[in-house]
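Here's a quick tour for anyone meeting this structure for the first time. Have a look at the chains and how they come together, then read on.

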There are 4 protein chains.
Amino acid sequence: MNSENASISERIVSPSYIRQGCQARRTHEQLIRLLLEKGKCPEDGWDESTIELFLHELAIMDSNNFLGNCGVGEREGRVFSSLVARRHYRLIHGIGRSGDIAAIQPKAAGSSLLNRITNSVVLDMLKIAGVKTVSSCFVVPMATGMSLTLCFLTLRQKRPTGKYIIWPRIDQKSCFKSMITAGFEPVVIENLLEGDELQLGPENILCVHSTTSCFAPRVPDRLEELAMICDKYGIPHIVNNAYGVQSSKCMHLIQQGARIGRIDAFVQSLDKNFMVPVGGAIIAGFNESFVQEISRMYPGRASASPSLDVLITLLSMGSKGYRKLLQERKDTYTYLAEELKTLAEAHGERLLKTTHNPISLAMSLQGIDQQNDKAVTLLGSMLFTRQVSGARVVPLGNEQTVSGHVFKGFMSHATEYPCPYLNAAAAIGITKQDVDLCIKRLDKCLKNIKKENPAVISEDTLNEMAESFNEEMSDVLLFLGT
Amino acid sequence: MNSENASISERIVSPSYIRQGCQARRTHEQLIRLLLEKGKCPEDGWDESTIELFLHELAIMDSNNFLGNCGVGEREGRVFSSLVARRHYRLIHGIGRSGDIAAIQPKAAGSSLLNRITNSVVLDMLKIAGVKTVSSCFVVPMATGMSLTLCFLTLRQKRPTGKYIIWPRIDQKSCFKSMITAGFEPVVIENLLEGDELQLGPENILCVHSTTSCFAPRVPDRLEELAMICDKYGIPHIVNNAYGVQSSKCMHLIQQGARIGRIDAFVQSLDKNFMVPVGGAIIAGFNESFVQEISRMYPGRASASPSLDVLITLLSMGSKGYRKLLQERKDTYTYLAEELKTLAEAHGERLLKTTHNPISLAMSLQGIDQQNDKAVTLLGSMLFTRQVSGARVVPLGNEQTVSGHVFKGFMSHATEYPCPYLNAAAAIGITKQDVDLCIKRLDKCLKNIKKENPAVISEDTLNEMAESFNEEMSDVLLFLGT
Amino acid sequence: MNSENASISERIVSPSYIRQGCQARRTHEQLIRLLLEKGKCPEDGWDESTIELFLHELAIMDSNNFLGNCGVGEREGRVFSSLVARRHYRLIHGIGRSGDIAAIQPKAAGSSLLNRITNSVVLDMLKIAGVKTVSSCFVVPMATGMSLTLCFLTLRQKRPTGKYIIWPRIDQKSCFKSMITAGFEPVVIENLLEGDELQLGPENILCVHSTTSCFAPRVPDRLEELAMICDKYGIPHIVNNAYGVQSSKCMHLIQQGARIGRIDAFVQSLDKNFMVPVGGAIIAGFNESFVQEISRMYPGRASASPSLDVLITLLSMGSKGYRKLLQERKDTYTYLAEELKTLAEAHGERLLKTTHNPISLAMSLQGIDQQNDKAVTLLGSMLFTRQVSGARVVPLGNEQTVSGHVFKGFMSHATEYPCPYLNAAAAIGITKQDVDLCIKRLDKCLKNIKKENPAVISEDTLNEMAESFNEEMSDVLLFLGT
Amino acid sequence: MNSENASISERIVSPSYIRQGCQARRTHEQLIRLLLEKGKCPEDGWDESTIELFLHELAIMDSNNFLGNCGVGEREGRVFSSLVARRHYRLIHGIGRSGDIAAIQPKAAGSSLLNRITNSVVLDMLKIAGVKTVSSCFVVPMATGMSLTLCFLTLRQKRPTGKYIIWPRIDQKSCFKSMITAGFEPVVIENLLEGDELQLGPENILCVHSTTSCFAPRVPDRLEELAMICDKYGIPHIVNNAYGVQSSKCMHLIQQGARIGRIDAFVQSLDKNFMVPVGGAIIAGFNESFVQEISRMYPGRASASPSLDVLITLLSMGSKGYRKLLQERKDTYTYLAEELKTLAEAHGERLLKTTHNPISLAMSLQGIDQQNDKAVTLLGSMLFTRQVSGARVVPLGNEQTVSGHVFKGFMSHATEYPCPYLNAAAAIGITKQDVDLCIKRLDKCLKNIKKENPAVISEDTLNEMAESFNEEMSDVLLFLGT
């Protein structure tokens, strides 16, 4: 309520109450001021009232909410459904312009502010999470894979002769496809990067594409070494940090890599790190102009939805809240590791030693595999129907063709991994209760599988269970029985 | 309420009322059944109650809403903010999987249904809008430009030697950049496609990239001829149909082109055609497997937000409602043309004859340009501050460099257009009131400019006004004083 | 956004856009200013954006939304469920104080403003609807009946010897019970008020309790005559105007009655006149101090929900919108009368002549009643199950005891009405489509009843149907076959 | 999703996922089944998803949401504003019917279910809170005072000669006015009920009206003794248990009173006990038919809003959640008492010994009162402007006339209380942080008052501060300077 309206209100309700009400308003405005001024995540989370006030203030600055506007363009932010308008807080114009996804829209001062502030707050969070020297970032309404593609396409402009991307193998379709989609040929490094690979000649190498967060037993790439090599040979370096923001180890690797070597950009998922719906990523880097080049490669406007989600979320959390979540995740990771170890040993299995992987764990499934070759697959299926989501079994001997490239031992990141295993991860937001339920159900499944001879289960049932399991395993098609 | 709960309710409230209540529920379910069964937009729009019931039903089928779920994966659809959860109707898992943006997610049966049904309903709408033989389409949470880029990247896999894209010039940055971003070299056709251009050799041509909807005085490309040439030479053909769905003429061009020649895919904006927020596009085609290839090129999951928006909107509208909006747009276009003609003549200008452009109109600004060389720019600025959004003035002699390519006479689609002009469009959702307000304000601005000598206005004021105007003109940077 | 925050925003997004955004904000604020200043319903309805902004502004002035508040009282506006907080726009403190439902709450400047403005806007609407000289009113979160009770209880303080209420009979339980609940004895006037009734002695008469809106064939009381008698004998006069605001005739009666005679207060339902949920009423009168006395009789705070609903609704409608709804209702009344007349004649019945009743109509059911004595009841039941809601059949010969008083011919407002009949009303919000559907279904039911001999229908079925019908008939318990 | 629609969905998305989705739905339905079957508050709170599903299911059973309904009655549940419809979850018909606020509405099976279930769940909560033998209750959309009035009005029908209400004094306007409004004469008992008061003759006594929850230093009435006297003399007994549900002591008093004596009804506030918005109360008793009589006294339908709020809230909390809140309140009460004691002693004051009052505390203000006679008032004002809400100062010597009755020493429940004091309460939902902030601010205020001589403060300032303080003190008008 502006001062004029407050004055009139004082005639209706007694002045001292109105004055106190206006003073209360100013405390909300003060929070908004701090946000605008500092561009940082508030330490204490805002309450919903302040958040909605802020979004409302932004929305009425967009031309589609001007009371006197007349629109004769081809895009006027008209919305048919009030359900849709409301769910977007009437911020309809998206973010960016034709030229640049980070640009300001004349028709939408509010949406533009939203975009700028979101990017600024997210940058602050990346620093808090461990990459202190990151200089620029932007939220892009595409998932991690497509965001990596955009990075590679940007590099193409700078390295027209680049044809190959050096890629330490990680068995996850999106990151492999991100290179294919961009039109490059991945050079798959089965183990560590060896010098002789560079026979390709640096000028034909578009970049190195490394990974931090990944399923155990794979561990993050040795980013420092890779970054130093890249620096030495003048090869760009893009890091897939999909769900690494939640881990101080992953963030530290990036920080160190950039300090002693070369990292051009690192890409992370919004949903996996910030507890928002699927659909956005953050592209960040140490050189502001390169990050801007990437943002300018996105041709056209884009959805503001992921930006809106992450902004609401971070304002709700506050940086304190985020730090707390990070700590809880770390603690739950330790707890999960202990529980899984105990369970594994009780069943004659073991927790694989993957101390460098700070998020994902793996437990061997040697025993039940020896009992019956379909048992590992069956276990996956059983867990799925028992609502243990995200637990993932990896049998031996899969072969998978992705975009023409044959991966032996697919899912295990290696041609021949010694044993089948089961993955479980402690990702942000996980609770002790999740772990307890998972361990309990897993224990029950393992007992059932051992007790009954799976060979007795009819072929049909097995196939059906296995089929649903196959689809569940998010990036894999298993050919059972091969 | 299932039958068991209804039975119990009959003990609480008299049975005949509960029975009538349950029967009423069945009418909602019947609507949902028809949607699922036919996969088509209902003829009569649904009310909000049915829509929200349906979305609620979908949401509880996703694992993040399972009451007994325990999640130990790296992506579990956890959402921190209840504001965010609610605004997405608790549909958090996005759409697609690593392998394919149109694929089913095991963790999210509801989101998967949403995705499938949306694509199916949107396909139905494209048919209703005029492309009767379209065989497949999908909603992609990227704006038109990036969606075109995805099409080009898909074609690269099929035509590895293709380097050039034949592109009849249209002065809009996104479509030009969509080719650059994909790593190709546009061959800009200043006028019509001439045979000699094909000296490039068909094998080096990735595709032809044509346009339907565009600012007047440019008119849609002659799609039939282009499609026939593409067919003859075996060259793929991608159509930028940005805001063409709302025009039966544009849709007819595509339908005809595909019938007698070759069109591989056509891409259209969601927001410009269906009155939803910015952020989504539809990629459609006549060959289902090619459309699928494109969808598989998108590496990773993606935001469900644009799908959700368009589904809610189409279910609200019903096909009747959409047809009505299309008819109203057509009528308002005629009305706008008449009013603009009258106004133009009153000011000694004329409505440019662009009968083939069914959406955008242009009125000459010869007179005020002769009076003062900054007057055209000033007019744009005046309209902007008077909340006439979307009206766009095009002065003579702009030169603009986009991604290294120099465009003379930028904005006018031609190196030397004979006169400066002003654009106004009748896009879907426009009202008679918009037209009236625009004409009234435009009239006033023109009178003011003529009355006062703009030369007298101080340089500073002019520059400031012009600057804001420049930014407003969405895809252009004008260099004043040239 | 206050000016300080706007200034900071100008550093983030270009100043001219922010300035335009702030100007746009001012147009919303201007609307709010006009509302606060005039206290009248805006002529043009506000859009949802302005309404929600206004409610948000009010909410942050309440102490439960103060960011720095600490509460150590017994009522602090704490809300457990965010669903609940949100649905009340975080306005939690209700309206009024112990002393007066219209009083200001120190803890809740926003809620207090809401309350004041609502009462002011509603007063404006009563004037618009026809009672131009009404001087005061307030919204009370109780339905019409309980609000009448409150009026009677207030009168008791002023007329301690009053024991009787003169009440021209209208067969609707609530209004009868409103007197019983207040502890008075109704003197039921079967026909018109006759002089001899006044033998009671004016000092023992608490008041006259008259009625405007009612089911046909009863027509509104002759308010002018009643008001003149009341004036002459110094007897208070309370008018039950339940759904009369929507009819200019009813409102005119009140205006005239007050002009030439005495009307102390008139009470009307919020939901029946203003299309809001059930639960509120307006108590209005011509003497401000008496209306205040009534408001002070309500002991304690009260729900703000009905006030909030009616304020949102009236701001959405605008006075223009309300006038339009009133006109449409009038037109639909005429249409319903015509259609019902045609249908009646086609079935050998007639539309009862009740020209003084401006809302409710009645059609005789002589024919089917003569055919079978349960047919009338059966018709009601059939209409209910066919989702014709609100149509009400009135058989002959009902006897009903309400709070000890025996009503012969209950529902028909008369001891012996000549024929059974069916009621249908044209209330605010009714559409032509409602009428068409009703006529069509009624026609079908009548044909069915005539075709098949209802006597053949098993006793059980009939009883069951009749039972559900009985319950449906909102204020009646029929004793079938008695 | 019903089974038919699920089957169709299995053709769209793979059957095993749909099946899992449907199974997940059943867990929600199972919760609903338990609620309907048991009519009790679930132990574990429901999540918002289940709550909204349930409300949605209820809403579509109401005729205003029937897709094929045509309405020709005078009340059809039409709602103009979609904001309003949505905030009520489209439950528009309110609760009850003309005859009975607890009755079923034929037009609204869903709302009727809501009403019944709410009353049932609330009854369960009263038992959990300590009144184990309560047999019936209903939620009424009126605040405590008006609900008490309704109880008295009901008693009038049973005791037509009753004129007086025996009322142990408690200085809160609402409860005094509740008797006046009902038309009775309160017999104010300054101390405890003495035998000689009964000289009135039991037949002229309508009832005894006793109190549990109240501001310290007053303590709850000795309910057991009162109940035994009432039993002995056959006098009805109504208990004002305004915010007593949150205290096991208050509830125990009622339980004991009913066991060994007579309690006809006890009335409690919804907002003060269950953290919902202001506007509802619960009328409960030990004799089902008497409670029903009260509910039948409410003439007409009523707002469902308070029922909806409390149902949502209790389903969210679960009984576990409520028990936890009760325990936390108790603990915070102890904490507040300790902190206040420490503070009081530091300032030379003392915490009044009021061990029987389980919610409210009082600290003497002897010292500052002696310093300056306006200082106590000033302290109240200072606390108000420092956003300490609910803290209430009670100076000596107030005299207040309420509805003609003069109360000496008003606010202190006694004609001459020995010292002025300050109240603070630990009500449900209070946090340790509230206490800390209150103590800190109070400390500061006391120091300031002592430091500066309030006499020096200008008369105007003082008056203004005092005035705002007066209004703040919710049930009091102080005459300063008397």
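## A strand pairing across chains

Let's start with a spot where two chains join up in this predicted model. Strand E1 of chain A, residues 70-71, and strand E10 of chain B, residues 388-389, run parallel and are joined by two bridges. If you want to find the place by eye, go to A:Gly71: its bridge partner in E10(B) is B:Ser389.

## Where chain A meets chain B

That pairing links chains A and B, so to speak of the whole contact, here are the counts: 90 residues come from chain A and 89 residues from chain B. Which helix of chain A gives the most to this side? That would be helix H12 (residues 305-346), with seven residues.

As for the kinds of residue chain A brings to chain B, 38 are nonpolar, 32 are polar and 20 are charged.

## Where chain A meets chain C

Chain A also touches chain C, with 44 residues on chain A in contact with 44 residues on chain C. Four helices of chain A each supply at least two residues here: H1 (3-12), H2 (15-38), H3 (48-59) and H5 (109-128). H2(A) gives the most, with 13 residues.

Sort this side of chain A by class and you get 19 nonpolar, 15 polar and ten charged residues.

## The domains of chain A

Now for chain A by itself. Its domain assignment lists domain 1 (3-87), domain 2 (129-303) and domain 3 (322-472). Taken over C-alpha atoms, the centres of domain 1 and domain 2 of chain A are 39 Å apart.

Conventions
Residues numbered from 1 in each chain as written. Chains lettered and ligands numbered in written order. Predicted model: local features only at pLDDT ≥ 70, side-chain atom pairs only at ≥ 80, totals over all residues. Domains from an automatic or database assignment. Contact = placed C-beta atoms within 7 Å. Nonpolar A, V, L, I, M, F, W, Y, C, P; charged D, E, K, R; others polar. Pairing = 2+ DSSP bridges.
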